[in-house]
Amino acid sequence: MENHNIAIIGLGRVGAVFLEKVLNNDGALKIRSVCELTETAGKRLALEKGVPVGCIDDIVKFGVEIDVIFDFTGDEKVAEILRRKLAESGNNYTQVAQKRLARLVWALIAEDEYLPEVRSTKSQSYADMLLSQHE
């Protein structure tokens, strides 16, 4: 099976869950780098597991060594910046994953587990909390 090198941007509520699942999965995904500007549980987990934590420019410097960048910030401006920086570097190989691709990957590696929504509403956050209590 071919391994795929990934990067994750945004290790808040959703990105941290995704990071943890990929780290605990013996599948074909290898996390090369993550980006989180604030102190979060996801950032602490990445550091604890020896995953390099940097900024967007650090991830872009990997060039074609990164196959897919998963953006869990929920901010469309971040995706635009990523795409622009990749284009400026001449990298037309690395893809910035849309939310639905992240959900597809999640479905393949997480079986029946639930991935919360990025930038959810207050009602969705409450539903996420209730669902996590029943796991």
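The following exercises, each with a worked solution, introduce the fold, the cores, one helix and the charged residues of this protein.

The structure is a predicted model, in which local features need pLDDT of at least 70 and side-chain atom pairs count only at pLDDT 80 or more, while totals for chains, interfaces and linings use all residues. Residues are numbered from 1 along each chain as its sequence is written, and side-chain values use heavy atoms, with hydrogens and water left out.

**Exercise 1. The overall fold**

Task: State how many helices and strands the protein has, and in what order the elements run.

Solution.
- Step 1. Helices (H or I, at least four residues) and strands (E, at least two) are DSSP runs, numbered from the N terminus.
- Step 2. The protein has six helices and five strands.
- Step 3. Read from the N terminus, the order of elements is β-α-β-α-β-α-β-α-β-α-α.
- Step 4. Of the 135 residues, 41% are buried; buried means under 20% relative accessible area, exposed over 50%, and partly exposed in between (1.4 Å probe, protein chains only).
- Step 5. Among contacts (heavy atoms within 4.5 Å) with a separation of 6 or more, 67% join residues 24 or more positions apart.

**Exercise 2. The nonpolar cores**

Task: Identify the elements that give two or more residues to the largest nonpolar core.

Solution.
- Step 1. A nonpolar core is a set of buried Ala, Val, Leu, Ile, Met, Phe, Trp, Tyr and Cys residues joined through side-chain atoms within 4.5 Å.
- Step 2. The largest such core has 18 residues, and those with the most contacts inside it are Ile 6, Ile 8, Phe 18, Leu 19, Ile 31, Val 34 and Phe 70.
- Step 3. Two or more residues come from each of strand S1 (4–9), helix H1 (13–23), strand S2 (29–35), helix H2 (41–48), strand S4 and helix H5 (99–110).
- Step 4. H1 provides the largest share, four residues.
- Step 5. Another core, of 12 residues, lies apart from this one and includes Ile 9, Ile 59, Ile 69 and Val 96.
- Step 6. Ile 69 belongs to strand S4 and is buried, with a relative accessible area of 1%. Beyond four places in sequence, the residues that Ile 69 touches include Ala 7, Ile 9, Ile 59, Leu 82 and Val 96.

**Exercise 3. The two sides of helix H2**

Task: Explain why the buried residues of H2 line one face of the helix.

Solution.
- Step 1. The buried residues of H2 are Gly 42, Lys 43, Leu 45 and Ala 46.
- Step 2. Viewed down the axis of H2, these residues fall within an arc of 160°, so they line one face of the helix. The arc is that of the directions from the helix axis to the C-beta atoms.
- Step 3. An α-helix has 3.6 residues a turn, so residues three or four places apart point the same way.
- Step 4. The face turned away from the buried side carries the exposed residues Ala 41, Leu 47 and Glu 48.
- Step 5. The cover over the buried residues of H2 includes H1, S2 and strand S3 (53–54).
- Step 6. After H2 comes Gly 50, whose phi is positive, near 80°. Lys 49 is in the loop between H2 and S3 and is partly exposed, at 48% relative accessible area.

**Exercise 4. Salt bridges and a buried acid**

Task: Determine which residue forms a salt bridge with Lys 43, and which side chain of opposite charge is nearest to Asp 71.

Solution.
- Step 1. A salt bridge is a side-chain nitrogen of Lys or Arg within 4 Å of a carboxyl oxygen of Asp or Glu. By this rule there are five salt bridges.
- Step 2. Lys 43 pairs with Glu 39, the closest N and O atoms being 3.4 Å apart. Lys 43 is buried, at 12% relative accessible area, whereas Glu 39 is exposed, at 57%.
- Step 3. Lys 85 and Asp 57 form another salt bridge, with closest N and O atoms 2.7 Å apart. Lys 85 lies in helix H4 (residues 76–88) and Asp 57 in helix H3 (residues 56–61), so the pair ties together parts that are 28 residues apart in sequence.
- Step 4. For charge, Lys and Arg count as positive and Asp and Glu as negative; His and the chain ends are not counted.
- Step 5. Asp 71, in strand S4 (residues 68–71), is buried yet has no salt bridge; its nearest side chain of opposite charge, Arg 83, is 6.8 Å away. Arg 83 itself meets Glu 76 in a salt bridge (3.7 Å, N to O).
- Step 6. The side chain of Asp 71 makes a polar contact with the side chain of Thr 73 (2.7 Å). A polar contact is a pair of N or O atoms within 3.5 Å; within protein, one must be able to donate a hydrogen and the other to accept it, and residues adjacent in sequence count only if both atoms are side-chain atoms.
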